[in-house]
Amino acid sequence: MGKSRSGKRKAKEVEEPELSDSSDMAEMDSQPIALVVNEPKKTKRNDADSDASFLGKPIPQSEAAERWPKRYLSKVKAKKGELSGEKKESGTEEEVTQAKFHYTQALVDGVVYDLNDDAYVKAEDDKPDYIARIIEFFEAVDGELYFTAQWFYRAEDTAIKDLRDHSHILDKRRVFMSEIKDDNPLDCIVSKVKIAKVSPNMDLVAKEKNLPPCDLYYDMKYTVANLTFSTIDPVSKPDSDTSSTISSESGSNNLGDDERNQTSKKSEMTLLDLYSGCGAMSTGLCMGASLTGVKLVTVRNEAAEDFLSLLKDWEKLCMDFKLLGPHQSQDQDACLESVEVELDKNEDNTSDSEDTSLSSEEFEVQELLAICHGDPNKLGSKGLYFKVRWKGYGSDEDTWEPIDGLSTCQDKLKEFVTKGYKRNMLPLPGDVDFICGGPPCQGVSGFNRFRDKTAPLKDIKNSQLLVYMSIIEYLKPKYVLMENVVDILKFSEAFLGRYALGRLVTMNYQARLGMMAAGSYGLPQFRMRVFLWGAQPSEKLPQYPLPTHEVVERGVVPTEFEEVLVGFNKNEQRHLEKALYLEDAISDLPPVENDESQDERPYETLPRTEFQKYIRLKRSDVVGYENSSPQSPQKAMLYDHRPLQLNQDDYERVCQIPKKKGANFRDLPGLLVGPDNVVSRDPAVESVQVSSGKLLVPEYALNYVRGKSTKPFGRTWWDETIGTVVTRAEPHNQIIIHPEQDRVLSVRELARLQGFPDFYKLSGPIKQRYMQVGNAVAVPVGIALGYTLGLASQGLSDDQPLTTLPFRFPKCISSSERLER
């Protein structure tokens, strides 16, 4: 995405090089491998007896030269991009075919074709005919007859490709207009095709009903250079009484008063954060959006598996109790599943009346407290349940009861649903403006030896991607943001990434893929992640924010998706802050021991770097939290600065690792490293043991990555970065030991590497806190994406895939800095 190039339809696969380390990545950056190869479409002439000619008189020379000036430059060469509107990398020139005459009609095999007709074009052998709009007829100076094609793409021609046994979700009649144009011999035209342009419609039933008679249709364009699906023409928004003007007092970052006052948009949006974990993704998004004057009101939900069923149950209950008008729910009837609610509505039933006596085995419901869909009682019976407070009993006696057990409590049920509806306890279709989340896809992990490469979505470990997309389809938010590991663009020919993209496009969302490295936004870790934006046709598709910092590259980027790597063009001027290192982030934290157990402690030290100064800010001093009611003590406290306590064996091993840069288990006594970089035991040295009698160097360390890894019991160092903060703190196969202390990095130290402000307090057992931090979206990445969302939601962004940020992390999180801006 950061590399400017055009690209022609992919005619053959590119052989991908094997990448092994960061030096290979640097080479890849200078010699990018495109998903769509930069070469013309390989069309094929029709049979020898094919008849092709132009009809009528040529267009007057003066008019033709005005419409197509690059065709009449004699022997002068020009970039083809200047002819077609494409952008090419500097220094690449292709000769523009020079014209003798231009025409408005052609005759091919007895069929008359006009300019702007759509046609099938002969493809290579064994390939379906290409689809093109004819935008130019001309005779070249050498007498050859040509037409210029603007290409349409089938879904399988785009980044979506083949969805295998899920290809049924793609409408075979739907094509996408591209910006790619090139010249082809006139006799490559096969036949006419009727392609209708239709308006985008999120209501798929209405869209199908309103399709005009046609062979194919299109309602989106596909930008090959950055793999983006977007609307062709701006779609007007429906009128809404709830919209409001963003005032100049909103404190938005870098927005002029004129822009702000001329833009009538909602300054408050509802965000549903699925698979929220510790809430890092929504936290960053809220902070970033606030910099544009947009407030995100967040609802977080950890487990999404039964959430969709609960949402459908809830809408059915709201309809049952007449809380929804017919106009609010009629569009959802097709996708609502029947909820098994059997309420006894017999008017003669007086079980709730005050004078009705209860039998000795009956209890009276005092209040309904909560609702869930699942199996809260762990009895193997999933369904809709309510948490009940029983009359005469305390909270310890609350129970979860199935809805069919509450058939005599209709008044209590109605009271609960009515109150919940009024306070938006659960979202209804159309209530949510924005859904974000990172559906877990452990089935693609390299640690999973039983990965299903042929049908990844049949793996239960990847099923949450289906759930996530189904929730989007049901709630129909204006915006969608999905985050995931880069493996979804590597494993099984990137099937899961392609499926997610295809599913959004099938729902008529605009969509744009991007890969962002957390280190590029002000953190001392690389952490490459995949993001997928989606936006309804009536909304601006959010951009990806360009890097603000230099970064130490770690890991491998999928070469096939190199187009969506968010970065600058290699020849583009950039002003980046210097890369951050471990010392910048954690050198001010007080020393702690392996067995530290305090969750809270005073800092005892002063910040040493700008990063540390801002990461220590109190909650009330951070953007998006200005109006929160601080409950923190007068003196700033440090939370979660405690490490995973290692067992005695591992602790003794860690104590033996030298306190120097690059130290790891290979520095322990009794080892040899061969010329092939494989480590082994030295037979001339007696094996050293820890106090338990076990070997100082365990076998798993020797065998990790076939004996070639230097990660086991690796010690971090001050002038280095971390590849990726992970969910485990054991030092057995990663570099996670503190530079100068005999312990692993603490929860707070890793939280800082993820950009969490120090006021952000985690909860749960220590291992669970490590998991929360390791699974989180890096906070500055969330801030950057929240900023671009805020701009898009106010109509203040353009159609380019990338934008620059007017701030730098962590200074941007300071509310006082924001006021100064």
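Trp314 is buried, and Phe416 is buried as well. Both residues belong to a predicted model, and this report looks at how aromatic rings are arranged in it.

A pair of aromatic rings is described by how far apart the centres lie and by the angle between the planes. In this structure the count comes to 19 aromatic pairs. One of them is formed by Trp314 and Phe416, whose rings meet edge-to-face. This pair links distant parts of the chain, since Trp314 lies in helix H7 (residues 307-320) while Phe416 lies in helix H9 (residues 410-422), 102 residues apart.

A further edge-to-face pair is made by Tyr625 and Phe759. Here too distant parts of the chain are linked: Tyr625 sits in the loop between helix H13 (610-615) and strand S27 (637-639), and Phe759 sits in the loop between helix H16 (747-753) and helix H17 (766-775), 134 residues apart. Tyr625 has a relative accessible area of 15%, and because buried means under 20%, Tyr625 counts as buried. Phe759, at 10% relative accessibility, is therefore buried too.

The geometry of the two pairs is set out below.

| Pair | Centre to centre | Angle between the planes |
|---|---|---|
| Trp314 and Phe416 | 6.4 Å | 85° |
| Tyr625 and Phe759 | 5.2 Å | 70° |

Aromatic rings also occur in other arrangements in this model. Tyr153, Phe176, Tyr222 and Phe229 together form one aromatic cluster. Elsewhere, a ring is joined by a charge: the charged end of Lys192 sits over the ring of Tyr113, at 5.7 Å from the centre of that ring.

Note on methods
Residues are numbered from 1 along each chain as its sequence is written. This is a predicted model: local features need pLDDT of at least 70, side-chain atom pairs count only at pLDDT 80 or more; totals for chains, interfaces and linings use all residues. Side-chain values use heavy atoms; hydrogens and water are left out. Rings of Phe, Tyr and Trp (its six-membered ring) pair if their centres lie within 6.5 Å; planes under 30 degrees apart count as stacked, over 60 as edge-to-face and the rest as tilted. Helices (H or I, at least four residues) and strands (E, at least two) are DSSP runs, numbered from the N terminus. Buried means under 20% relative accessible area, exposed over 50%, partly exposed in between (1.4 Å probe, protein chains only). A charge sits over a ring if NZ of Lys or CZ of Arg is within 6 Å of the ring centre and within 35 degrees of the ring normal.
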